[in-house]
Amino acid sequence: MYAFHRQRDNDWVTVVVNLSDKPQTFRLMGEGYEGMYTDVFSHQSLELRPYSSMTLQPWGYRVFTN
């Protein structure tokens, strides 16, 4: 799993990537990414909170922006 969060002024992006050939469930750790986001590809809204958990399929990825 690889995840990162970037912020510039009031624009945020959070990216999570499963770099394995197996489904992975994980929790987001750290600070600064909390808030309401939109999935760039599905256009669904999602609130990310500390220790949010999600599952990604093999080689899956999600990109969230505010």
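**Entry 1: confidence**

I started with the confidence values. The mean pLDDT of the chain is 91, and 100% of its residues reach 70 or more. I keep in mind that this is a predicted model. Next I compared the elements. Strand S1 (residues 2-8) has the lowest mean pLDDT, 90. Strand S7 (residues 61-65) has the highest, 95.

**Entry 2: overall make-up**

I counted the secondary structure. I found 7 strands and 0 helices in the chain. From the N terminus on, the order reads β-β-β-β-β-β-β. I then looked up the radius of gyration, which is 11 Å. The globule rule gives 11 Å for 66 residues, so the chain is as compact as a globular protein of that length. The C-alpha trace spans about 35 × 25 × 15 Å along its principal axes.

I also checked burial and contact range. Of the 66 residues, 27% count as buried. I took the contacts with a separation of 6 or more. Residues 24 or more positions apart account for 55% of them.

**Entry 3: the sheet**

In which order do the strands of the open sheet stand? I read S1-S2-S7-S4-S5, 5 strands with antiparallel pairing. S1 and S5 are at the edges. Each has a single partner strand, so one side of each is left without a neighbour in the sheet. I also noted the turn between neighbouring strands of this sheet: 30 degrees on average, direction ignored.

**Entry 4: S4, S5 and Met36**

I went on to one pair within the sheet. Strand S4 (residues 35-39) and strand S5 (residues 45-48) pair in the antiparallel sense over 4 bridges. I looked up two of the facing positions. Met36 stands opposite Glu47 in S5. Tyr37 has Leu46 of S5 as its bridge partner. The hairpin of S4 and S5 has 5 residues between the strands. In this hairpin His43 takes a positive phi near 65 degrees.

I stayed with Met36, which lies in strand S4. What does Met36 contact, leaving aside its neighbours within four places in sequence? I listed Ser45, Leu46, Glu47 and Asn66. I also looked up its distance to Gly60. The two are 24 residues apart in sequence and 21 Å apart in space, C-alpha to C-alpha.

**Entry 5: Asn18**

I moved to a loop position. Asn18 sits between strand S2 (11-17) and strand S3 (24-27). Is Asn18 buried or exposed? Its relative accessible area is 1%, so I log Asn18 as buried; the cut-off for buried is under 20%.

I then asked which backbone oxygen atoms the side chain of Asn18 reaches. One is the backbone oxygen of Leu56, at 3.3 Å. Another is the backbone oxygen of Gln57, at 3.0 Å.

I wrote down what else Asn18 touches, not counting residues up to four places away in sequence. Met1, Pro23 and Gln24 are on the list. So are Leu56, Gln57, Pro58, Trp59 and Gly60. Gly60 is also the residue I paired with Met36 above, at 21 Å, C-alpha to C-alpha.

Definitions and conventions. Residues are numbered from 1 along each chain as its sequence is written. This is a predicted model: local features need pLDDT of at least 70, side-chain atom pairs count only at pLDDT 80 or more; totals for chains, interfaces and linings use all residues. Side-chain values use heavy atoms; hydrogens and water are left out. Helices (H or I, at least four residues) and strands (E, at least two) are DSSP runs, numbered from the N terminus. Buried means under 20% relative accessible area, exposed over 50%, partly exposed in between (1.4 Å probe, protein chains only). A polar contact is a pair of N or O atoms within 3.5 Å; within protein, one must be able to donate a hydrogen and the other to accept it, and residues adjacent in sequence count only if both atoms are side-chain atoms. Contact means heavy atoms within 4.5 Å. Two strands pair if DSSP finds at least two bridges between them. pLDDT is the predictor's confidence in each residue, from 0 to 100. Axes are lines fitted to C-alpha atoms, for helices over the stretch in contact, and angles run from 0 to 180 degrees between N-to-C directions. The radius of gyration is taken over C-alpha atoms; the globule rule is 2.2 Å times the number of residues to the power 0.38.
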